[in-house]
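Work through the following exercises with the sequence and the coordinates side by side, and try each task before reading its solution.

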Amino acid sequence: MIKTVLVGLVCGAVALTLGVLIGHFGITNNSSSAPSWINDIGKDVDENIVEKFLSEVDRLNIEENLRELTKVPHLATSEGDEQTVQFMLKRWQDPESGLDKAWREEYEVYLSFPDAKNPNKVTVVSSSDTVLYTLREKEKNYTKDQEDPDIVQPYAAYSPAGQPKGKLVYANQGKPSDYELLNRTVDLRGTIAITRYGGAGRGAKAINAAPYGVIGVLVYTDPLDINDGLMSDINETYPHSWYLPPSGVERGAFGSQYGDMLTPYLAAKEETYRIPFKNVTGVPPIPIQPIGFEDAYRLICELGGEGAPTEWKGAFNCTYNFGGPGFKPESAFNNSDVKMAIFNQDVIKNSSNVMGVIRGSVEPDRYVIYGNHRDSWVHGAIDPSSGTSVMLELSRVLGKMVKEGKWRPRRSIIFGSWGAEEFGLIGSAEYTEVCLHFLKVIFYMCVCVSNATLRASAMPSLQNILFTATRQVSAPGLDSTSVYDNWVQFSNRTSPTHGLGKKIKKSQTSHLFPQSKTNARIYPAYHTAYDTFHYASNFIDPGFFSHQAVARTAGNVLIRLADSLVLPLNCSDYAESLEDYLNKAVDLYQEKLSSRNISMGRKPLKNAATNFRRAAKRLDEEILSSDLKNETPLKVRRINDQLMLLDRAFLNPLAFPDKYAYRHVIWASSSANVGTFPGLADAFAKADSSGQTGDWEKVHHHMSMLSQAIDGAAGMLENVI
């Protein structure tokens, strides 16, 4: 009996062992024949790929890219622009280092140009119309670049044609408050105003002037605002330094809308409906022309009248007067007028975007977009070609790895070289209007390189990925110091979560290299004939080390967003920014809103922010606590969808009825210039100024939209309803 039992046990053990072995080998054999995508599903960022990318970004290639891109002026739709189109296509279609696919997309867009046969003129004329002084029509030549016959005359795109003549007045920055103050002293009807850049948008300087009867506007760049006060081209400005020489003129688009102005909210294709020209809004109603500070100095220092306020003073060594209107009695220009002869022409022309794509291996229907605009006002070395030269090197390295079979991103990467952006972000806006409803876009990135200051602007949820990327890149000229360490050393921003110097919020801008060469609002040669390869390579970034650092940082971020199993976005950082905005709003507005029976107490806004913080914490904890590589792919997909769609919950097409194309209730522009929710700030400022019941109702209405948007975003982050 015992023998029988033992034999049975042995046989059972043998059978069990055989079963386990058969099962093991069966599973092994089955797994070996499993489809390849099984292994791809759990793929995450490969740090070896990141390191390979960083090591292969070549600053000399970036330098050559910039040299090629700036050989000729490439104003939108010009022959030079077409040359850059062909250059981009050639690079992105290269069989060894190109992308999977590259193509051009065409749009028929509304643009504005000066008449080459009848150039714009500004003169000082006597009562008998004798010309006493003629302002420069083109900038002074310092290098062969300025001798190029294709350089467009300085002009204000979208300024109407016209020949106004009148007494000159100085109007500071052309803000509404400037004209309002000036009008208390001077009868502005029939005058020509001269304003300096800054304070108000380009076109707004004329839009703000027209209601006061001003019939024309001149705009110049004051040396105080752009040159740290320096003015002499003998030894202070370009070509001796990076500062703007006296004849330099900042060109620009003088309109306030984005995209093609004749096809609002529609892509500007050949067959698209176009509104009548007369219905275009946001453009100057009176002629406006930019000039150099060389001519502005002569005009302003001759003006009569009383001294203007201290804050109106620039760098000129003379009194900035309100104006008589007109010139001083002792001036050679006494009793003279300023005459503008503007012959700009409105046209509809073909403009091209150049597009390219690297297809994703696991989630090809999810996109990371990397774009830069391509057109420039003249040679455009810094704006925009610095960014394009970086993008071309970045795409070369990634394209080469794809062609060699060493890497393919998890998600698809779209590259865009936008056309006609200088005329109002036209190329990118038209592409968005085509693709808005079907592209599942996770992230958009754009870079450019200016002076020694690198700035990162992003949604708060992207802070961590920026920190990660900047820790892996050396600061230009500081091999032992990372971009991140340099940032922390000089930044004065603080965050309860991340500590000193580690926060992107409010304006969403953080300085990574704060040792700036100037306090100017932008680099000095901006939009002038002096923004050339010579200027960039001698004064902006000799050796192209900053360009290389930008390329490495941007590419690092791009790879992580394209390859991470779970999108590297942190919702708690977003919650912190919302709470900062809320606290500011409470400090500024709660008392007056309470007097109007509009609550900011436990509900609705505070309650919404609390809900968002709770939901953000829950999702962040779920991501941290889950072994997502071994979870069902649908769980990963669900979390990524929540992260991708978060910002879309803040979009409301009715939130800003007076602002074209603004929809994001957290990150829109604000004329109130207060560090809180932009729509609420603007609505409050208007109501507080007018005192009208209807305006206070609009404050309440916007706060309701805002609180419900935040609640909706919180719901987006919840696991289930």
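Helices and strands are taken here as DSSP runs, a helix having at least four residues and a strand at least two, with numbering from the N terminus. The model is a predicted one.

**Exercise 1.** Determine how many helices and strands the chain has, and what share of its residues count as buried.

*Solution.* Under that definition, the chain has 20 helices and 21 strands. For burial, the cut-off is a relative accessible area under 20%, and 54% of the 721 residues of the chain fall in that class. The accessible surface comes to about 31000 Å², and carbon and sulfur atoms account for 53% of this area. As for contacts between residues at least 6 apart in sequence, 77% of them join residues at least 24 apart.

**Exercise 2.** Describe the surroundings of strand S13 (residues 363-373), beginning with its burial and then identifying the strands with which S13 pairs.

*Solution.* The first step is to count buried residues: 9 of the 11 residues of S13 are buried, so the strand is largely enclosed by the rest of the structure. The second step is to follow the chain onward, since S13 leads through helix H10 (residues 381-403) to strand S14 (residues 411-418), a β-α-β crossover that is right-handed. S13 and S14 pair in the parallel sense over 8 bridges, and S13 also pairs in the parallel sense with strand S15 (residues 440-445), over 5 bridges. The third step is to examine tyrosine 367, whose bridge partner in S14 is serine 412, while in S15 tyrosine 367 stands opposite valine 441.

**Exercise 3.** Find which cysteines form a disulfide, and establish where they lie and what handedness their link has.

*Solution.* A search of the whole structure finds 1 disulfide, and the cysteines that form it are cysteine 301 and cysteine 318, with their sulfur atoms 2.0 Å apart. Both cysteines lie in the loop between helix H9 (293-300) and strand S11 (337-341), so the pair ties together parts that are 17 residues apart in sequence. The angle about the S-S bond is -75°, and the link of cysteine 301 and cysteine 318 is left-handed. Both cysteine 301 and cysteine 318 are buried.

**Exercise 4.** Decide whether cysteine 435 and cysteine 571 are buried or exposed.

*Solution.* The test is again a relative accessible area under 20% for buried residues. Cysteine 435 has a relative accessible area of 8% and is therefore buried; cysteine 571, at 1% relative accessibility, likewise counts as buried.

Definitions and conventions
Residues numbered from 1 in each chain as written. Predicted model: local features only at pLDDT ≥ 70, side-chain atom pairs only at ≥ 80, totals over all residues. Heavy atoms only, no water. Buried < 20%, exposed > 50% of the residue type's maximum accessible area, 1.4 Å probe, protein only. Pairing = 2+ DSSP bridges. Right-handed = clockwise from strand over helix to strand, strands pointing away. Contact = heavy atoms within 4.5 Å. Areas by Shrake-Rupley, 256 points an atom, 1.4 Å probe, with all protein chains shown as cover. Disulfide = S-S within 2.5 Å.
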